[in-house]
Amino acid sequence: MISIKNLSFRYQESNTFALDNISLEIPKGDFFGIIGESGAGKTTLSNCINGLIPHHFRGEYFGTVAVDGTDTFDTNPGSLALRVGTVFQDPDTQMVADIVEDEIRFGLENFGIPKNLIEGRITSALNDTGTAPLRQRRIRNLSGGQKQKVAIAAITALEPDILLLDEPTGELDPASSRQIFSLLKTLNKKKGITVVIIEQKIMLMCEFAAHLAVMAHGRLVRSGTVRDVLSDVTQLENAGINYPRTVRLYHELAARNLVPGTEEVCITTAEAAALVAKITGSRETAG
C-alpha cells in the first residue's frame, strides 16, 4: 500500500509549493489514476512515490510517503526501484540498449538479479506484455506503442509490487493508447501489480481505473471511486478536467429532473444509452 500523509514539497528554485498538504491512500492491488491540468503537481507526486524526491530533486520536504510501511525519505531510490517500477511518457528516455532482449537484460543485471533467473525473467516479461515477437528486434525500428510495451516489459521483469506510470500514452495514438491500458489492466489483474497512472486521457482512465485522484495547483481536490469523482462536475471543471460527454449528458438530464433518483452517473456510452432509453420509455408510458 502507498500511504501519503500531509505531504508538501517545494523545489529549491521555486517560491511556491508544488505539493500542498497531500494525504492519500492507495490500496495494494489497486488500479489508481491521477488526473489534473499541466502544473497540477502530478509528476512531482509520482517522484515522491518512487523516491526521486527528495533524493534526486532537492527542495523543502514535509510529511511522509510510505510504500508498504517503508518511508521513501529514508530509502535509497535504487533499492526502492525494485518495489516501485517507473515508466515515463517518452520510452526513448529509458532505453539504453539496441535490441529488445538486451534492454530487459540490462535492468536485471544492473539490479543484481542472479544469472540463473535472468533468462526466465526475460521470457516471462516478454510473454506477459505481448512483446515476445519483438525479442530480437532493434528498438529504434519499433513503433511508439511497441517501445512503450518494451519499457513496461523491462520494468515488470524486475517484478515490482507497484507500477508507476507518468503519462505513458501521451505520445501514442488512440489505438495504441488503448493497448497500453489493456496491458496494464491485465498485469494488474493477473499479476496483482498495483498500477498508479498519471494520464490526461480521461475516457481511458474512467474505463480502466478503479479509483481516481484529482489534483489542482498542488492540492488534492478529490479522490475516490471513478463514479464518485465524476459525480461532482463543478469540482472537475474548477480543476480544469475535461470530463467525458456521457457524464455531461447525465448531469444535464439530472438538472432537468429527468434522471430517476436511483440512477448513478453514466460513464460508458452503453450506460448513457440505457439511461436515455429508460427516460424516453417512461415518458412514453406516462403519455
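Begin by selecting the lining of the largest pocket in this predicted model, whose residues divide into 13 nonpolar, 8 polar and 1 charged. The space enclosed there comes to about 570 Å³, and 22 residues line this pocket, those closest to its centre being Ala81, Thr86, Gln94, Phe111 and Ile155. Show these five as sticks to mark the middle of the largest pocket before moving outward.

Next, colour the elements that give two or more residues to this lining, which are helix H3 (77–80), strand S6 (84–87), helix H4 (100–110) and helix H6 (144–156). Which of them should be selected for the largest share of the lining? Helix H4 is the one to pick, since 4 residues of the lining of the largest pocket come from this helix.

Now move to the second largest pocket, which holds about 250 Å³ of space. Of the 15 residues that line the second largest pocket, select Asp128, Thr156, Glu159, Lys191 and Ile193, which are the closest to its centre. Two elements can then be highlighted, helix H5 (115–128) and helix H7 (174–191), as these give two or more residues to the lining of the second largest pocket. Helix H5 gives the most to that lining, with 5 residues.

As a last step, colour the lining of the second largest pocket by residue class: how many of its residues are nonpolar, polar and charged? The division is 5 nonpolar, 4 polar and 6 charged, whereas the lining of the largest pocket, where the tour began, has 13 nonpolar, 8 polar and 1 charged.

Terms used: Residues are numbered from 1 along each chain as its sequence is written. This is a predicted model: local features need pLDDT of at least 70, side-chain atom pairs count only at pLDDT 80 or more; totals for chains, interfaces and linings use all residues. Side-chain values use heavy atoms; hydrogens and water are left out. On a 1 Å grid over the protein atoms alone, a cavity is a set of points where a 1.4 Å probe fits but cannot get out, and a pocket is an open set with protein on both sides within 12 Å along at least five of seven lines; lining residues have an atom within 4 Å of a point. Grid points are joined across faces, edges and corners, and a volume is the space filled by probe spheres set on the points. Ala, Val, Leu, Ile, Met, Phe, Trp, Tyr, Cys and Pro count as nonpolar, Asp, Glu, Lys and Arg as charged, and the others, Gly among them, as polar.
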